[in-house]
Each structure stands twice: as C-alpha cells, then as structure tokens.
Amino acid sequence: MIIVFRPDAQTAQIDLIKNMMTAKGLIVKEIQGADTHLLGLLGDTFALCPDLLLRYPFIERVMPVSQPYKLAGRDFHPGDTVIECGGQKIGGGHFAIIAGPCSVESEEQMLSIAREVKSLGANFLRGGAFKPRSSPYAFQGLGQAGLNLLKIAREITGLPVVTEIISAEYLDDFDKHVDIIQIGARNMQNYPLLKEVGRLDKPVLLKRGPASTIDELLMAAEYVLIGGAPVILCERGIRTFETATRNTLDLSAVPVIKEKSHLPVIVDPSHGTGQRNLVEPMSLAAVAAGADGLMIEVHNHPEQALCDGGQSVSADQFDRLVYNIRKLREALEGTRN
C-alpha cells in the first residue's frame, strides 16, 4: 500500500502516520519525489482501512499495490534508481562497463587485465575468486587468495571490484574487500543468501537464473532490497531448446524490466552467448535495447584461460567494443534529442 500526502503536509503529520504504521508491525519506506511525499507500506496491510486514513486532511489518497514486488516496482519508486559506488554511477542515464576475467588465475594475469580494461574505459573490474562450476573437476577459483588479488588490483587501478559470493560464510571478507557483491544465476533463488547480503551496506548485482521468469527475478531482488542494499539486475541468458549458443540472451527483458522496475539493468553477453564472436553484436544490441551497462569477460590470453576462454574477448577486441558502444550511444542520444 502507498499513502500519498498533500503537498502542504507537515513533517509532524507525516511522522504521525509513520509511527502509526510502524506500531502496527509494518515496514515503512519513505519516498520523497519532486512534488510528492509518499509512504510505502510493506507487510500485512489488509487490515488497514483506506477510508479511515483518508479522514486525515493531509492525506491525499491511499493506493493498493497489486505487484508482489513492492520495493523493486515502480509504484514505490517511480524514478530510475542511480547507484553510486567507488566514484562510479550506474542507472538513470549513467552507463557502466564491468570488465575483467571470468576467474582470477594469478597475480600477473589479474593485474595485467585490470590495467588494460581500466585504460580502455571500464568503470568496474570483475573477476571470479570463487567459481561455482557444473563439474566438480573444473577449476573452482583461487578462493580467498583470489579475493586478495582483486583487492590489490583495486588499489592499483582504482576500479571498484565486482565478484561473486557463493556462501554466507564469506560475508565478512566480502564486506571488507568487495565493492559490488554478485549473486550468480545459480543462487538467484537462494533466499537465505539474498537476505544476508541485503543486510550489508553494499550494492548487489543479481543475475537472472537460467530458468527464471522476469517476475521471479524481481521477487528475488525484493529479498535483498528489504535488507536495505541497492540492487543491479543482470540479464545473462536463459535456457531454451536452442543449442547454437550457450544460453538464449533475452534482450527483451531489458525494456520489460525497465517498465516494471526502477532498478538498473545490465546485460552479460559473454555468458549469454558463450561465444566470443557474438559478444560485440549482442553488446551493441543491449545498448540499443536500453541497458544501463554491460558485463564483459576480458582475458589477456583467452586461449589459455582456465575458465570460459571461448567467450572471453582480448584487450584489442574490448578496445574496439568500447569505441563502438560509445559511438552507438552518441547516435542514440542524437535521435532522442
């Protein structure tokens, strides 16, 4: 439920309603717009009578919210959310590129790639310290040592670090050393983990599960948002009957999510296609679809990568991609103006 106050409502009057709702056991989210002041109510609001609330002269209207995701939906937050992290912004017209290797393999590899992507225009550095793999025999990442290398790379380049958490047991380390905590596709509906990362004062990058609907993705985001952490949504491909690509990259999800939600939406064409030659065309298509950013796997020697080398681009390919993204965004801005 949303309570909309009249423009001349006083702070003391708004606080009166806030305290009343809190006393009823509801979670109250205050929303300040350009000309409006709202209270979003989470919890069992069925017992609330809108007519009784409307007896207060400073309340303009009371609106039920039909969507199951309250905090992620545009009813609670009509304007686009802009997330700031490490001096970088994403969302609300701020486009961000997250780049780096699929997995942290060594200090030399990580630092060389970090320097490359920084010089070529990346806004954030990605790298997997912990790698959940389908096969127990595949490279699982360096773990804690990988986190330490990401920390060094951040200190050298200044790029905020994005990396995936796979278990709540690592929360303390991620809270100290990671700027954006990634929840991978396999853990999108790991609700206990979502609740735990939501309690940290860190942005969370939430990847769509391979067999998840858009509404299920938004409901997963709700678990994080209730804890207070901001969320970046990531389309990374879904599982279909098509075998020509690793996944089917659902770019229609970008405008659909933007219609439903205020949260930033990025696209991962590397995992979405699984093929290096498809990363650039699908990146450009994602930009045209209105994505707020991209997550690109970059490796200095893709043919030697311990994880997903076939979908990783080289530094030269990344350089060309960033240039083409910039030109496309300039062209799209021209058409909007």
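The paragraphs below lead through the pockets, the nonpolar cores and the aromatic pairs of this structure, which is a predicted model.

The open spaces of the model make a convenient starting point. The largest pocket has a volume of about 490 Å³, and its lining is made up of 24 residues, with Pro132, Arg186, Arg236, Arg246 and His271 lying nearest the centre. Sorted by class, this lining holds 10 charged, 8 polar and 6 nonpolar residues, and the largest share of it, 3 residues, is supplied by strand S9, which spans residues 161–164.

The second largest pocket encloses about 300 Å³ of space. Of the 15 residues that line this second pocket, Lys29, Leu71, His77, Leu225 and His262 are the closest to its centre. Here the division by class gives 9 nonpolar, 4 polar and 2 charged residues, and strand S2 (residues 27–32) contributes the most to the lining, again as a matter of 3 residues.

From the pockets we turn to the packed interior. The largest nonpolar core has 74 residues, and within it Val117, Val197, Leu206, Leu233 and Phe318 are those with the most contacts. Helix H7, which runs over residues 214–227, gives the most to this core, with 7 residues. The surroundings of Leu206 can be followed in detail: leaving out residues up to four places away in sequence, Leu206 touches Ile183, Met188, Leu194, Leu217, Ala220, Ala221, Val231, Ile232, Leu233 and Cys234. Apart from the largest core lies another one, of 15 residues, which include Met1, Ala9, Leu41 and Ile59.

Ile3 offers a view of the N-terminal part of the chain. This residue is placed in strand S1 (residues 2–5), and Ile3 counts as buried because its relative accessibility is 0%, where the limit for that class is under 20%. Beyond its neighbours within four places in sequence, Ile3 is in contact with Ile17, Met21, His37, Leu38, Leu39, Leu41, Leu53, Ile59 and Arg61. Between the C-alpha atoms of Ile3 and Leu218, which stand 215 residues apart along the chain, the separation is 23 Å.

The aromatic side chains complete the picture. A pair of aromatic rings is described by the distance of the centres and the angle of the planes. A search of the whole structure finds 5 aromatic pairs. In one of them, Tyr56 and Phe58 have ring centres 5.5 Å apart and planes at 45°, so the pair is tilted, since that term covers angles that are neither under 30 degrees nor over 60. The two partners differ in their burial class: Tyr56 counts as partly exposed because its relative accessibility is 26%, whereas Phe58, with a relative accessible area of 8%, is buried. Ring pairs also bring Phe5 together with Tyr56 and Phe58 in a cluster.

Another pair joins Phe130 and Phe174, whose ring centres are 6.1 Å apart and whose planes meet at 35°, so this pair too is tilted. Phe130 lies in the loop between strand S8 (124–126) and helix H4 (144–157), while Phe174 belongs to helix H5 (residues 171–177), and the pair therefore ties together parts that are 44 residues apart in sequence. Phe130 counts as buried at 8% relative accessibility, and Phe174 is likewise buried, with a relative accessible area of 0%.

Terms used
Residues numbered from 1 in each chain as written. Predicted model: local features only at pLDDT ≥ 70, side-chain atom pairs only at ≥ 80, totals over all residues. Heavy atoms only, no water. 1 Å grid on protein atoms, 1.4 Å probe; cavity = no way out; pocket = protein on both sides within 12 Å on 5 of 7 lines; lining within 4 Å. Points joined across faces, edges and corners; volume = space filled by probe spheres on them. Helix = DSSP H or I, 4+ residues; strand = E, 2+ residues; numbered from the N terminus. Nonpolar A, V, L, I, M, F, W, Y, C, P; charged D, E, K, R; others polar. Phe/Tyr/Trp six-rings, centres within 6.5 Å; stacked < 30°, edge-to-face > 60°. Buried < 20%, exposed > 50% of the residue type's maximum accessible area, 1.4 Å probe, protein only. Core = buried A, V, L, I, M, F, W, Y, C linked by side-chain atoms within 4.5 Å. Contact = heavy atoms within 4.5 Å.
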